[in-house]
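Colleague: Could you take a close look at one part of this model for me, the place where the two partners touch? I would also welcome whatever helps me judge the surroundings.

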Amino acid sequence: MIIRVALPFHLRTLARVEGEVSLDVAEPVTVAAVIDALEARYPALQGTIRDHGTLKRRPFIRFFACKEDLSLEPPDTQLPEAILNGTEPFLIVGAMAGG
Amino acid sequence: MSSVRVLVGTKKGAFILTADGKRENWTVTGPHFAGWEMYHLKGSPVDPNRIFASQTSGWFGQIIQRSDDGGKTWTTPGGEPMPDPTGMPSGQSNNFTYEGGVGTHKWYDGTQHPWEFKRVWHLEPSLNDPDIVFAGAEDAAIFKSVNGGKSWQEMPSLRQAKGDLWQPGAGGMAVHTIIQDPKNLDRIYIAISAAGAFRTDDGGKTWKPINKGLKSQYELPDPDAEVGHCVHRIAIHPSRPDVLFMQKHWDVMRSDNSGELWHEVSGNLPSDFGFPIDVHAHEPETIYVVPIKSDSEHYPPEGKLRVYRSRTGGNEWEALTNGLPQKDCYVNVLRDAMAVDSLDSCGIYFGTTGGQVYCSPDGGDTWKPIVRDLPAVLSVEVQTLP
C-alpha cells in the first residue's frame, strides 16, 4: 500500500528528498510500519525519528494523521483510511524552535 | 605551493575556509549542514580529502557525515538512499550504543544515573588508516569505527576506569579530547569533563586515570581525587608525545611523563581559567592558551581578547594582542576551537562564540579575522595541504 509521508525540513535534507515521500508499506499499516519502511528506504534517517535500540520516539518529534496527534499512541496503532487511500499524508513533525 | 583548509564547526552549520600558504586571501564555503549544530570536523592525516563531521540536533539526534573530496560533497556513511530496501545494508553510522550493561555514573545530586548517549563532541581520525576513526561521546565514552564511519563500537573499558564516580559539569560529561601517540599507536590519551584525563597503553583494552598532581580545591570535596577533575583540553607535540599540556577548568598544567604526574605552569597568566590549549607545530616548548575571566564569567579578562604564548613550555607567558580586539570584547573560545597548521611559519587559528575565526600566520605575532560573522564557533581544525 502506498503511503504519503511528510518530513520536516532537516530530515528532507538528510534524506535528500524534496516534498513528500511515497512509501510502499505492508499491511497492517501502523505508525511503526510506516517508520520501518521510511528507515529502510532512507537509512540515513535511522535514529533521527526514534531511538536505534529502544525504538522510542525522540522527544521533539510528533506524529500526526488527519489532524489527530498519534505521538502518544502505541506504535502498532493502525492509520486511518484517509492515510491508507492517499487522501492525506502521514505527518512527521519537529517541535517548533524557539518560543 | 602549500595551502591550508580550515574546518569550522558552528552552532548552525559548518564552514570551510581555504587559502594558499600566505594565508592572506581566503575562500569561504558553507554553511554545510545549515541549521545543525556541527560539533567537530576533522580530516584524516592519511587521506586529507577524507573528512569526518559530527552533526547533531536536539530534535533528530546524532548524524555522522563523511566527505571523500575535501568537503565538496558529503554522505552519511552507509546511509545513502536505497532504491530498493530489500536485502540492502542498513545504515548504522548514527548508531552509538553503549556496550553491555549500560551502567551508571554519578549525577549532579550525587546519586547514580544511567549512561545516556547524547552526541559526539570530537572525531579523531587514525594516524595510519583512513577507515579508522575514534569518536568522543557525551555521556562520556569512546567509540571506534573501522569502516570509515559506517558503524561504531564502544571501547567499553574506558567506563570501567571508575566511571561510577564520574560526574557531569554544567556543560555535560563528554569525551572531548582524543590524542593518539604517533610513536606508539597503542597509546591513546583522552580527556573528559568532568572526570579527568585517562590513558590506554594497549589500544583501548584497558584505561587508567592520569590525574595525579591535578588540584581542584573549589570543585571537588577531595581536591586531589583520582577522578573528577574538569579537564578542558590536552595537547601534545607529535615529536614529544610523552609531554602533555593541559588547560584545566582552573590551572594550566604540564606532565613530562605521559600524564603520570602533573605540575602547574600557569605562571603569570592574568587568569588560568580557559578552554583551549595548543602547541606550535615546530617548537615543542611553545604553547598557546586563551585566558578567560572565570568559570562564571566566560569572556576574556578586561574585555581584551588576548592569546597567551609561552616559549618555555609554561610559567612565562606573553600576551599576543596585535590584531585582536582590546576593548569591549566578551566572546569565549571553546575547547576544540583552536588549531595550528604546519607551514614553515606556523599558523595559529581560533574561533569565538561571537562568530569570528582569527588566523595568525606568524606564530601568534599578528592576527587577522578570516571571517567575522559566523554563528558561534564550536570547533576549528586546520589541514596543511601540499
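Modeller: Happy to; I will start with the contact and then move outwards through each chain. Please keep in mind that this is a predicted model.

Let me begin with who takes part. Chain B brings 26 residues to the contact and chain A brings 22 residues. Between them, the two chains bury about 1,800 Å², and 58% of that area is on carbon and sulfur atoms. On the polar side of the ledger, 8 residue pairs are in polar contact between chain B and chain A, counting pairs with both residues at pLDDT 80 or more. Which elements of chain B supply at least two residues each to the side that touches chain A? They are β5 (51-57) and β6 (61-67) of chain B. The largest share comes from β6(B), with 3 residues. Sorted by class, that side of chain B has 10 nonpolar, 15 polar and 1 charged residues.

How many salt bridges cross the interface of chain B and chain A? The rule finds 0 there. Over all chains, however, the structure holds 33 salt bridges. Side chains of opposite charge can pair when their charged atoms come close. One such pair is R4(A) with E20(A), whose side chains meet at 2.8 Å, N to O. R4(A) sits in strand β1 of chain A while E20(A) belongs to the loop between α1 and β2 of chain A, so this salt bridge ties together parts that are 16 residues apart in sequence.

That loop of chain A has another detail for you. R16(A) is not a glycine, yet its phi is positive, at about 60°. R16(A) is placed in the loop between α1 and β2 (21-24) of chain A.

As for confidence in this partner, chain A averages a pLDDT of 94, with 98% of the residues scoring at least 70. Within chain A, strand β1 (residues 2-6) has the highest confidence, at 98, and helix α1 (residues 9-15) the lowest, at a mean of 93.

Now back to chain B, away from the contact itself. Aromatic pairs number 19 over all chains. Among them is Y98(B) with F143(B): the ring centres are 5.9 Å apart and the planes stand at 45°, so the pair is tilted. Y98(B) is in the loop between β6 and β7 (104-106) of chain B and F143(B) is in strand β11 (residues 141-145) of chain B, so to speak two distant parts of the chain, 45 residues apart.

Two cis peptide bonds in chain B also deserve a look. The bond from E138(B) to D139(B) is cis, with omega near -5°, and D139(B) has its place in the loop between β10 (133-138) and β11 of chain B. Another cis bond joins S193(B) and A194(B), where omega is about 0°; A194(B) is found in the loop between β14 (188-193) and β15 (196-200) of chain B.

Finally, a word on confidence in chain B. Its mean pLDDT is 95, and 97% of its residues reach 70 or more. Residues 83-89 of chain B, though, stay under 50, and the model has 5 contacts for them beyond four places in sequence. Where pLDDT is low, the predicted coordinates should not be read in detail.

Definitions and conventions:
Residues numbered from 1 in each chain as written. Chains lettered and ligands numbered in written order. Heavy atoms only, no water. Contact = heavy atoms within 4.5 Å. Buried area = accessible area lost by both parts, 1.4 Å probe. Salt bridge = Lys/Arg side-chain N within 4 Å of Asp/Glu carboxyl O. Polar contact = N/O pair within 3.5 Å; in protein donor to acceptor, adjacent residues only side chain to side chain. Helix = DSSP H or I, 4+ residues; strand = E, 2+ residues; numbered from the N terminus. Nonpolar A, V, L, I, M, F, W, Y, C, P; charged D, E, K, R; others polar. pLDDT = per-residue confidence, 0-100. Phe/Tyr/Trp six-rings, centres within 6.5 Å; stacked < 30°, edge-to-face > 60°.
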